[in-house]
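Dear colleague,

I am handing over the structure below, and after it I have set out what was found. Please read the notes with the coordinates open beside them.

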Amino acid sequence: MSRTQPTAFEAAYFEFDRPADDAHQMLCFALYGKGGIGKSTTSANVALALAESGLKVMLVGCDPKADSTKLLRSGKTVETVLDLLRSHHRSALPLERMVTEGTGGVLLVEAGGPRPGVGCAGRGIIAAFEALKARRAFEIYRPDVVIFDVLGDVVCGGFAMPIREGWAKNVFIVTSGESMALYAASNIAEAVDTFAERGYAKLGGLVLNRRDVPEEREQVEAVAARLKTRIVGDLPRSELVQAADVRGEAVLVTAPESDMAESYRKLAQSILAICRENARAGLVGEGRKAFGIIPETESDFI
């Protein structure tokens, strides 16, 4: 029996053209931030917090460092999609090699990046996404939530792909009160605003990951006001985070009863509520059909 083409996007959800009793919705959002700001640690803990609440979660790392998923594999790395594409014939690379199950049942994918000094990391993300689309990854695994962890130092075409192609309908930016983090946050917000005009994505808010700089909350609030958005989470600076990172684990694993773990759980629920709010209000329009049946067109970059 042939499958029909998926329908266009509806708000923050991906609606598939299936019978009513088989309908499945995926809530997808992206966490952006400059390198070293803690977006990957935040992404891993948020992913695990959502999985704890009973949701099926997929975390997609879009950072050439490929460190987004290590905290959900006891510090072990996963094979990146780009590395797999380099070592396998495209037609012979199965989807299950690209997706790894991590702590709490979170599904893990790392896009990967080019060899140092060769190629463009942004194009690498594009090639990885094409490979996932060609193999219908999201239709097969059917996650409830997909989180894209994206490097935001430079919002070029590749790093903007989660919003440019309509994958992530809501974007959250991890920042501190440090000047470079706020500068990057402003650039990311500008990129989101560009695509929001086309109905592709909406800025959901800022996540304050504290570095204990003077008047930190006030500085981030000022930037949020200028960007016409809000602070959706306030993560305190904690030695528990550093200790967990050293062990290669999420704080929700090493200190599940701690106040820091509760901060991540609160952030996860805030993000979920904002995405649902935007969906109900119709504040995010239609984007492109990311999950259409397409040929395997992985970039020659690999």
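**Two crossing helices**

The axes of α1 and helix α10 (residues 259-281) come within 8 Å and cross at roughly 80 degrees. Because angles of 65 to 115 degrees count as roughly perpendicular, α1 and α10 are described as roughly perpendicular to each other. On the α1 side the contact is made by T41, T42, N45, V46, A49, L50 and E52, and on the α10 side by Y264, R265, L267, A268, Q269 and L272. Please keep in mind throughout that this is a predicted model.

One of the α1 residues in that contact, N45, deserves a closer look. Helix α1 spans residues 39-52, and N45 lies in it. How accessible is N45, buried or exposed? Its relative accessible area is 0%, and since buried means under 20%, N45 counts as buried. The side chain of N45 nevertheless has a polar partner, as it reaches the backbone nitrogen of V251 at 3.0 Å. Leaving out residues up to four places away in sequence, N45 touches A250, V251, L252 and Y264, and Y264 belongs to the α10 side of the helix contact.

**The protein as a whole**

The secondary structure comes to 10 helices and 9 strands, and of the 302 residues 56% count as buried. Among contacts with a separation of 6 or more, 78% are between residues 24 or more positions apart. The protein exposes about 12700 Å², of which carbon and sulfur atoms supply 49%.

In soluble globular proteins, nonpolar side chains tend to be buried together. Here the largest nonpolar core has 54 residues, and those with the most contacts inside it are M58, M98 and F148. Setting aside neighbours within four places in sequence, F148 is in contact with C28, F29, A30, L31, V60, C62, F129, F138, P162, W167 and A168. Apart from this core lies another, of 40 residues, which includes A51, L71, F172 and A255.

**Residues brought together from afar in sequence**

L71, one of the residues of that other core, also appears in a pairing across the chain: its C-alpha atom and that of R247 are separated by 8.5 Å, although the two residues are 176 apart along the chain. R247 is found in helix α8 (residues 239-247) and is exposed, with a relative accessible area of 57%. Its contacts, leaving aside neighbours within four places in sequence, are with S74 and T254.

A second pairing involves C120, which is found in the loop between β5 (107-110) and α3 (121-134). C120 and P64 are 56 residues apart in sequence and 9.8 Å apart in space, C-alpha to C-alpha. At 34% relative accessibility, C120 counts as partly exposed.

**Backbone angles to check**

Most residues other than glycine have a negative phi. Which phi values, then, are found at R142 and at K228? R142, which is not a glycine, has a positive phi of about 50 degrees, and K228, likewise not a glycine, has a positive phi of about 60 degrees. R142 is found in the loop between α4 (137-141) and β6 (145-151), where it counts as partly exposed at 26% relative accessibility. K228 lies in the loop between α7 (216-226) and β9 (231-235), and it is exposed, with a relative accessible area of 79%.

With best regards

Methods: Residues numbered from 1 in each chain as written. Predicted model: local features only at pLDDT ≥ 70, side-chain atom pairs only at ≥ 80, totals over all residues. Heavy atoms only, no water. Helix = DSSP H or I, 4+ residues; strand = E, 2+ residues; numbered from the N terminus. Buried < 20%, exposed > 50% of the residue type's maximum accessible area, 1.4 Å probe, protein only. Polar contact = N/O pair within 3.5 Å; in protein donor to acceptor, adjacent residues only side chain to side chain. Contact = heavy atoms within 4.5 Å. Areas by Shrake-Rupley, 256 points an atom, 1.4 Å probe, with all protein chains shown as cover. Core = buried A, V, L, I, M, F, W, Y, C linked by side-chain atoms within 4.5 Å. Axes fitted to C-alpha atoms, helices over the stretch in contact; angles between N-to-C directions. Parallel < 35°, antiparallel > 145°, perpendicular 65-115°, else oblique.
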